[in-house]
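Q: Please take a close look at one part, the aromatic rings and the packing around them. I would like a single connected account that explains each term as it comes up.

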Amino acid sequence: MAQLVKLQDYISRYQIDLARYPTQFVRLKQSQWERVKRQWELGEEISEWQHNDGGSENDSFEEKERFSLFKKIFAGRQREEIEDIEKVEITNELVSDEDSIPEEETTLTFEPKIVYAPQSIHELKRMFIDQFFHFQMKWASSTLREKSYVDPRFMRDPLLRNLLQKLPDNYLLFYYPILQIRKAPIELDVVLMSPTECICITVLEAENQAVYVGGSERFWIKKVGTKDSKVLNPMISLNRMESVLTQLFKQDNINMPIRKVILSQNGYFDYPGSPYGIQFVDRRNYGEWMEHLRKVSSPMKHMQIRASQTILSNVQTTSFNRDIWQQSSQPAGD
């Protein structure tokens, strides 16, 4: 799973220590998956999924329903099915057997819960990944002392879910981060940091089967059936994003190539010619594009971490102190 480093202007633990938390995230995911898979293979029950982050039980994206655990799952499964499945692997070069990075004292834990009886390792893995996505949203919007209120729409965002669930651990994702440049807030679109390049993505998604007819003008034409409407040329936002990141990288002597993508998961692009340096990804080649990204097997790189840190050093953050810290900071007798 790709790592959600920054979501809009929400607090991010990656801002505290970017060299540490990618390792901790991967270790947590790996250990929990191995535990779940082992218990599933042995037919044991799995303890209840818990989201314990010191926050309110009324968080908008918390699981509201409590499912009862199934009894022991039958153990007579074929071993070949399990052995042939791709494992959830650590692909982070920051992780090694010699690492002795202490785990932080944290109130945020993840324990998956079986909410139905998975009949195959495929179903088990899907259930685990879906539940881990909920945990990841909390992981990406809180620290030990602070947290941010996450808009529930992000839990239903198909692109965010696809990028996080389908890309490997060595990708760092900035999802519509808000930067502070010369005291002015600037919202970027999607920034995907691979081990070898920075991918700037501007997204066009509306009605299914929409066709975007593009050109060099300020507006493009969106065609849905017989209805035409105007949309702002996405290259404007894409080029601005490239310009901002190029400036930041130059200031910190970051040597990271920037690639530009215009993306539509559910629509099509009709653009005469091929604009230099821009890749169009639509419904026809989205799967191929994602598969290409998935095949990047390089471990995380030092320059990738430096480039990500440069962005994090310029982000805007809106958060609040957790109640436990607010209470502890009050004078005695209050």
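**Aromatic rings and the core**

A: A good place to begin is with two rings, those of Phe25 and Phe132, both of which are buried; buried here means under 20% relative accessible area, exposed means over 50%, and partly exposed lies in between, computed with a 1.4 Å probe on protein chains only. The model is predicted, so local features need a pLDDT of at least 70 and side-chain atom pairs count only at pLDDT 80 or more, while totals for chains, interfaces and linings use all residues. Residues are numbered from 1 along each chain as its sequence is written, and side-chain values use heavy atoms, leaving out hydrogens and water.

A search of the whole structure finds 18 aromatic pairs. Rings of Phe, Tyr and Trp (its six-membered ring) count as a pair if their centres lie within 6.5 Å, and planes under 30 degrees apart are called stacked, those over 60 edge-to-face, and the rest tilted. One of the pairs joins Tyr10 and Phe154, which is edge-to-face because the planes stand at 90 degrees, with the ring centres 6.2 Å apart. Tyr10 sits in the loop between strand E1 (3–7) and helix H1 (21–42), and Phe154 in the loop between strand E4 (146–147) and helix H4 (158–166), so this pair ties together parts that are 144 residues apart in sequence. These helices (H or I, at least four residues) and strands (E, at least two) are DSSP runs, numbered from the N terminus. Tyr10 counts as buried because its relative accessibility is 7%, and Phe154 is buried too, with a relative accessible area of 1%.

We can now return to the two rings named at the start. Phe25 and Phe132 also form an edge-to-face pair, 5.5 Å from centre to centre and with 70 degrees between the planes. Because Phe25 lies in helix H1 and Phe132 in helix H3, the pair ties together parts that are 107 residues apart in sequence. Both belong to one aromatic cluster, which is formed by Tyr14, Tyr21, Phe25, Trp33, Phe128, Phe132, Phe135 and Trp139.

Charged side chains also meet some of these rings. A charge sits over a ring if NZ of Lys or CZ of Arg is within 6 Å of the ring centre and within 35 degrees of the ring normal. Arg20 lies over the face of Tyr21, at 5.6 Å from the ring centre, and the charged end of Arg153 sits over the ring of Phe154, 4.3 Å from its centre.

Helix H3, which holds Phe132, is mostly covered, with 15 of its 19 residues buried. The expected span of a helix is 1.5 Å times one less than its number of residues, so H3 should span 27 Å, which agrees with the 26 Å between its end C-alpha atoms.

A nonpolar core is a set of buried Ala, Val, Leu, Ile, Met, Phe, Trp, Tyr and Cys residues joined through side-chain atoms within 4.5 Å. Of the 54 residues in the largest such core, Val191, Met193, Trp220, Leu245, Phe249 and Ile311 touch the most other members. The largest share of this core, eight residues, comes from helix H3 (residues 121–139). Val191 has contacts, meaning heavy atoms within 4.5 Å, with Leu172, Leu173, Phe174, Cys198, Ile199, Met241, Leu245 and Ile311, not counting residues up to four places away in sequence. A second, separate core of 30 residues includes Leu7, Tyr171, Tyr286 and Met290.
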